[in-house]
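The following exercises concern a single protein chain, to be examined in its sequence and its three-dimensional model. Each task is followed by a solution in steps.

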Amino acid sequence: MAAVSPTAVEVWASLSVRERVYLAVLFDVDEKAGGPEGWRWLDFGGVPRGSRLNPIQRRLKDAGVLSPGAAEPVERLSGRGLLRIVRESGRMVVRLTAAARDAACTAVPARYLR
């Protein structure tokens with residue numbers, strides 16, 4: 001992996017704590033699912049309801065950032081050009097952009113060096 005660009009560092013630094021957690025969780029899930037060779041559409045799900053959480057929502061809950069307004073950080077990350085969003089039947093699927101991957105790597109670069 002190439003060195004992290006100053007722009008990626010600036011993008012990461014500009015995110016709120018909650019946005020950083022969301023991006024880091026989505027990045028980690030994407031990496032475990034195949035990473036950049038097979039960037040995935042990730043199932044963010046619908047409105048979180050009690051114990052009926054999907055794996056991404058569960059990780060966000062464990063990190064203490066999942067709330068009824070769970071889609072708000074996703075929308076903000078999309079507005080910054082870091083996520084692509086598709087809505088299907090009350091559910092949301094998201095995909096990280098190259099800029100999102102670069103920004104997320106600034107948080108945990110040693111873990112994702114190839």
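**Exercise 1. Determine which parts of the chain the salt bridge between Arg-80 and Glu-19 ties together, and classify the accessibility of each residue.**

Solution. In this predicted model, the side chains of Arg-80 and Glu-19 form a salt bridge with an N to O distance of 3.9 Å. This value satisfies the criterion, because a salt bridge requires a nitrogen of Lys or Arg within 4 Å of a carboxyl oxygen. Next, locate the partners: Arg-80 belongs to the loop between α4 and β2, and Glu-19 to helix α2, so the pair ties together parts that lie 61 residues apart in sequence. Then consider accessibility. Arg-80 has a relative accessibility of 40% and therefore counts as partly exposed, whereas Glu-19, at 3%, counts as buried. Finally, the pair belongs to a network of salt bridges that links Glu-19, Arg-76 and Arg-80.

**Exercise 2. Describe how helices α2 and α4 are arranged, and state which residues make the contact.**

Solution. Begin with the axes: those of α2 (residues 17-33) and α4 come within 10 Å and cross at roughly 85 degrees. Angles of 65 to 115 degrees count as roughly perpendicular, so α2 is roughly perpendicular to α4. The contact is made on the α2 side by Arg-18, Glu-19, Tyr-22 and Leu-23, and on the α4 side by Glu-72, Pro-73, Val-74, Arg-76 and Leu-77. Sorted by class, the contact has five nonpolar, four charged and no polar residues.

**Exercise 3. Derive the strand order of the sheet and identify its edge strands.**

Solution. Take the pairings in turn. Strand β2 (residues 83-88) and strand β3 (residues 91-96) run antiparallel and are joined by six bridges. Within this pairing, Arg-87 is partnered by Met-92 of β3, and Ile-85 by Val-94. The two strands form a hairpin with two residues between them, and Ser-89 in the turn has a positive phi of about 50 degrees. On the other pairing, β1 and β3 are antiparallel over three bridges, with Asp-43 opposite its bridge partner Val-93 in β3. The result is an open sheet of three strands in the order β1-β3-β2, paired antiparallel. The edge strands are β1 (42-45) and β2, each of which pairs on one side only. From one strand to the next, the twist averages 30 degrees.

**Exercise 4. Relate helix α4 to the sheet, and find the parts of the chain linked by the pair Arg-87 and Glu-75.**

Solution. Helix α4 (residues 71-79) lies across β1, β2 and β3 and runs at about 130 degrees to β2. A salt bridge joins the side chains of Arg-87 and Glu-75, with an N to O distance of 1.9 Å. This pair links distant parts of the chain, since Arg-87 is in strand β2 and Glu-75 in helix α4, twelve residues apart. Arg-87 counts as exposed at 51% relative accessibility, while Glu-75, at 36%, is partly exposed.

**Exercise 5. Determine how Lys-32 and Asp-28 are spaced in helix α2, and state whether each is buried or exposed.**

Solution. The side chains of Lys-32 and Asp-28 meet in a salt bridge, 3.2 Å from N to O. The two residues are four apart in helix α2, and Lys-32 and Asp-28 are therefore separated by about one helical turn. Lys-32 is exposed, with a relative accessible area of 61%, but Asp-28 is buried, at 4%. A search of the whole structure finds eight salt bridges.

Notes. Residues are numbered from 1 along each chain as its sequence is written. This is a predicted model: local features need pLDDT of at least 70, side-chain atom pairs count only at pLDDT 80 or more; totals for chains, interfaces and linings use all residues. Side-chain values use heavy atoms; hydrogens and water are left out. Two strands pair if DSSP finds at least two bridges between them. Axes are lines fitted to C-alpha atoms, for helices over the stretch in contact, and angles run from 0 to 180 degrees between N-to-C directions. Contact means heavy atoms within 4.5 Å. Angles under 35 degrees count as roughly parallel, over 145 as roughly antiparallel, 65 to 115 as roughly perpendicular and the rest as oblique. Ala, Val, Leu, Ile, Met, Phe, Trp, Tyr, Cys and Pro count as nonpolar, Asp, Glu, Lys and Arg as charged, and the others, Gly among them, as polar. Buried means under 20% relative accessible area, exposed over 50%, partly exposed in between (1.4 Å probe, protein chains only).
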